[in-house]
Amino acid sequence: MRRLNLNKLRQKKGSALISVLVVLFILLTAFFAVFSFALSRAAILEKEINSTRASYLADAGINRFLYEIEKDSLTIDKIISKKLSEKISADEKYAVSAEPWGGYILISSEGMARGSEAAKKVLIGLMPNKDLNAAIINCGANYPVVIAGRTKITGDVIVGPGSITRGTIEGEAYQDEELTDGAIIQRADVTKPEIDNKPIKEYLSSTIEKVAFPDDFIIGSSVITDLDIPRKDTSYIIRVEDNLELKSLNLEAGNVKISLMAGRNITIGDSCHISGTIEIIARNSIIIDGGSYMSGVILAAEDSIVIKGGSIFSGQALCNKTIIISKNAKALYPSLLYAYDFDDDEERTIRFGPDIYSEAIAVLNDVSQIGYSGESKIILDTNSIVCGYLYSDRYIDIRSVLLGIAHSESFWYKKEPTTYINWLRNVVINRNRLDFMPVLPVMFPNQNRYAIFTVYEVS
Amino acid sequence: MGAINLLKDRRGLTILEVLIASAVFMIGFAIMFFLLSEIVGKYSAKEKIIAYHLAQEYMENSLASDEFSNAESVETNSNISFKIKREIIDMGQLKGIRVTVSREKTGKLLVSFYDEKYIR
């Protein structure tokens, strides 16, 4: 019998096992690669689903908030102090809060679903009452409106008693006036809406004060071409002592509230692209030029706000004296141009044009007691197209096409040496061409239904 | 003679070795197969993606429409049957809308969305 070489056999023992283990190791590696890939895909998908869930929950928060403030007929002060938090299920909840944001109220809702969060921010204002279906509302009690010349109005004309309208026209060329698709409605209760400017006054006082008496500021003037905002911050403020210039700046607020302030002037140019919950506040003036684009922002200045040079604006412009949209600029809906007056006797002007397109709501508030000698007015200059709602406590001077609603104490036509007031002459106003119902700022307290004015993109 | 010795040295595997190796391989393979089927069942991206899109579509349609009522339907997509359920929580002018999509066979919940709509 041949003797077994035990040593050699021992050396070869378990060689199949090693081969199997090697194969298994390779297979396991491949398997875990596939497994981790599948897991990461599943995790990404799960995260996306939860993010969408959170987004629906944020939307639910906005709806619940609107429902509760209307159900309880809350005043602006109570809306602003209201906090809402709702747990829908073990892993679903939302929290909502409100704050003043220019002439509107900013509602911020945060939805949370299994670790994912999504925010939604909307601006709410007031739904106009049925009067705003008319083309013209003349609320001047002292002087009746006169419609004359080659005036063409499409829509209702609501005037106070004693107004001289079609049929009893004074002045020249009265035969050509035309009123289509509407009626002249004489009403005894056509009075000026009482504008409660307390909310905006408080908002502006606090913001202008931040510029006037800053805790900390950048000394001198500054030019900003780029801004890196930390996304974890909820607010970000830059204060400059004198002038601030924004050049070619690309800035999206996302979920952050950004305030850019200057002690004197702010100029925005060279194709800036600025959007989101951003306040731009200057003590004196703000000029937007050079094809810049602004969306959702607030501009606030005491002396003037000028939007020109092919720039596109969508947001709120709040100014104590003069707001001008000119030189191929566009003001797109949702926009509010608000010339405010709290206590002084200065004249206010909102000027559209020449050569502009606007869908903005314009509100000229003049509480001064200077009567009819003051010339605060909204002017629609030549070659302009203005769609929207225009309200003036004093005059509206229409020299171009208005596709919307003119609501004023007086309309304006002036012919030297004789001065006429409250005339509509050679104008075209077409209410039917306004295809959206403008959401009014919260200063119009006689409206009691809220509506969404702006929806912010929050990433 | 030397060549014959060398051949003798290259002996095959013992039965014991083959049996152990096979057993280890089988156990390893079985574990992998089990885990793989678990993954397919639990983390099937395809099924979840379809359910996700179905839920989103139903929610958007529900928000866009003015009719708020409970509804249930079965939809087959890529040979997978899904049960879609819309449940309305009536709070007067405020409606809570819950849309769920589950696997029709097992009833396993895949996606659930909740939103509210204020009806004026």
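Which domains does the domain assignment give for chain A? Select 46–126 for domain 1 and 130–444 for domain 2; the bounds come from an automatic or database domain assignment.

Before clicking further, some housekeeping. This is a predicted model, where local features need pLDDT of at least 70, side-chain atom pairs count only at pLDDT 80 or more, and totals for chains, interfaces and linings use all residues. Residues are numbered from 1 along each chain as its sequence is written, while chains are lettered from A and ligands numbered from 1 in the order in which they are written.

**Stop 1: between the domains of chain A**

Twelve residues of domain 1 of chain A touch 17 residues of domain 2 of chain A, a contact being two C-beta atoms, placed from the backbone, within 7 Å. On the domain 1 side, pick β2 (92–101), β3 (104–113) and β4 (116–126) of chain A, the elements that give two or more residues each. Here β4(A) gives the most, four residues. Helices (H or I, at least four residues) and strands (E, at least two) are DSSP runs, numbered from the N terminus.

**Stop 2: chain B**

Colour chain B by pLDDT, the predictor's confidence in each residue, from 0 to 100: the mean is 83, and 83% of residues reach 70 or more. From the N terminus on, you'll pass through α-α-α-β-β-β-β.

Now show the strands. They form an open antiparallel sheet in the order β1-β2-β3-β4 of chain B, with strands counted as paired if DSSP finds at least two bridges between them. The edges are β1 (71–77) and β4 of chain B, each pairing on one side only. On average, neighbouring strands are turned by 20° against each other, direction ignored.

Zoom in on β3 (residues 94–103) of chain B, which nine bridges join to β4(B). Label B:V99 and you'll find its bridge partner, B:F113, in β4(B).

Add α3(B) next: this helix lies across β1, β2 (80–91), β3 and β4 of chain B, at about 15° to β4(B). Axes here are lines fitted to C-alpha atoms, for helices over the stretch in contact, and angles run from 0 to 180 degrees between N-to-C directions.

**Stop 3: where B meets A**

The contact takes 28 residues from chain B and 27 residues from chain A. On the chain B side, select α2 (15–42), α3 (45–64) and β4 (109–118), the elements giving two or more residues. The largest share, ten residues, comes from α2(B). For the complex, the predictor gives an ipTM of 0.77 and a pTM of 0.81.
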